[in-house]
Amino acid sequence: MVNVVMMLLGVLLPLLHLAFTKGPWTKRNVLRLLLVYAFVFDVGAVGFVFGFIPHVFFADAAAKLIGWPPGNPFQFEVGLHDGAWGILGFLCVFIGGGFWLATALGWSFFLLGAAYGHVRQLIVAGDFAPYNLMPAFTDTLIPLWLLGLLYAYYRSGGLEGLLRRER
């Protein structure tokens, strides 16, 4: 449910940003702004604030919301993983180019795998706990949105010259 709010903020706030600031608002600039907000909310906040903090500091409560048994040491590992990606999402405000691509691909790979796990738990175990059901949707939508924006930005010339092989 929190992820839905983060997704909405990641779309609505850049639209407000566009409405209250002066351009030039080219397609490329608008896509860049949408991407920065997506990295902050859909990667940074989802990963660090709503992944790292609950899994590490409130592990038993988080487990209950997901439908997992409390006392699972795996929570700590998941929390650190989420926190690492969250930090990368926040860093995307300052670092672009290939860093954006790496962050988007890595986070999307994890979320799509997590979405698979949530859907499997829904079907196999009948786990309809709130933080198993909603992430089945958001863990699919966030990567599609993030990678779609990044591709559109690339097509608009936004990553031109920034993605090249190292020699």
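Below, a biologist and a modeller chat their way through this predicted model.

Biologist: New to this one. What kind of model is it?

Modeller: It's a predicted model, so keep that in mind as we go.

Biologist: Okay. Let's start with helix α5. How many residues does α5 have, and how far does it reach?

Modeller: Helix α5 covers residues 98-125, which makes 28 residues. From first C-alpha to last, α5 reaches 40 Å, close to the 40 Å expected at 1.5 Å a residue.

Biologist: And which residues of α5 are buried?

Modeller: The buried ones are W100, T103, A104, G106, W107, S108, L111, A114, A115, H118 and L122.

Biologist: Some of those numbers sit three or four apart. Why would residues three or four places apart point the same way?

Modeller: An α-helix has 3.6 residues a turn, so residues at that spacing point the same way.

Biologist: What do the buried residues of α5 pack against?

Modeller: Against α2 (27-57), α4 (74-91) and α6 (130-155).

Biologist: What happens to the backbone just after α5?

Modeller: There you find G126, which takes a positive phi of about 65°.

Biologist: Back to H118 for a second. Why does H118 count as buried?

Modeller: Its relative accessible area is 12%, and buried means under 20%. H118 is in helix α5.

Biologist: Which side chain does the side chain of H118 make a polar contact with?

Modeller: The side chain of N132, at 2.6 Å. Beyond residues up to four places away in sequence, H118 touches Y131, N132, P135, A136 and D139.

Biologist: Switching to α2. Where does G47 sit, and is G47 buried or exposed?

Modeller: G47 is in helix α2. G47 is buried, because its relative accessibility is 0%.

Biologist: What is G47 in contact with?

Modeller: Leaving out neighbours within four places in sequence, G47 contacts F52, D82, G83, G86 and W107. W107 is also one of the buried residues of α5.

Biologist: How far apart are G47 and M134 in space?

Modeller: They're 16 Å apart, C-alpha to C-alpha, with their positions 87 residues apart in sequence.

Biologist: Which other α2 residue could I click on?

Modeller: Try L34, also placed in helix α2. At 11% relative accessibility, L34 counts as buried. Setting aside neighbours within four places in sequence, L34 is in contact with G10, P14, W145 and L149.

Biologist: And how far is L34 from E160?

Modeller: Their C-alpha atoms are separated by 18 Å, and the two residues are 126 residues apart along the chain.

Biologist: What about V56?

Modeller: V56 is in helix α2 as well. Apart from neighbours within four places in sequence, V56 contacts F76, G79 and L80. V56 and P73 are 9.6 Å apart, C-alpha to C-alpha, and 17 residues apart in sequence.

Biologist: G10 and P14 came up with L34. Which residues of α1 are buried?

Modeller: N3, M6, M7, G10, P14 and L18. Those buried residues pack against α2 and α6.

Biologist: How far does α1 reach?

Modeller: Helix α1 (residues 2-20) has 19 residues and reaches 26 Å from first C-alpha to last, close to the 27 Å expected.

Biologist: Last topic, the surface. Which residues form a nonpolar patch there?

Modeller: I87, L91, V93, F94 and I95, with about 460 Å² of accessible area together.

Biologist: Where is I95 found?

Modeller: In the loop between α4 and α5. I95 counts as partly exposed because its relative accessibility is 37%.

Note on methods:
Residues numbered from 1 in each chain as written. Predicted model: local features only at pLDDT ≥ 70, side-chain atom pairs only at ≥ 80, totals over all residues. Heavy atoms only, no water. Helix = DSSP H or I, 4+ residues; strand = E, 2+ residues; numbered from the N terminus. Expected span 1.5 Å × (residues − 1). Buried < 20%, exposed > 50% of the residue type's maximum accessible area, 1.4 Å probe, protein only. Contact = heavy atoms within 4.5 Å. Patch = residues over 30% accessible without salt bridge, like charges linked within 9 Å, V, L, I, M, F, W, Y side chains within 5 Å. Areas by Shrake-Rupley, 256 points an atom, 1.4 Å probe, with all protein chains shown as cover. Salt bridge = Lys/Arg side-chain N within 4 Å of Asp/Glu carboxyl O. Polar contact = N/O pair within 3.5 Å; in protein donor to acceptor, adjacent residues only side chain to side chain.
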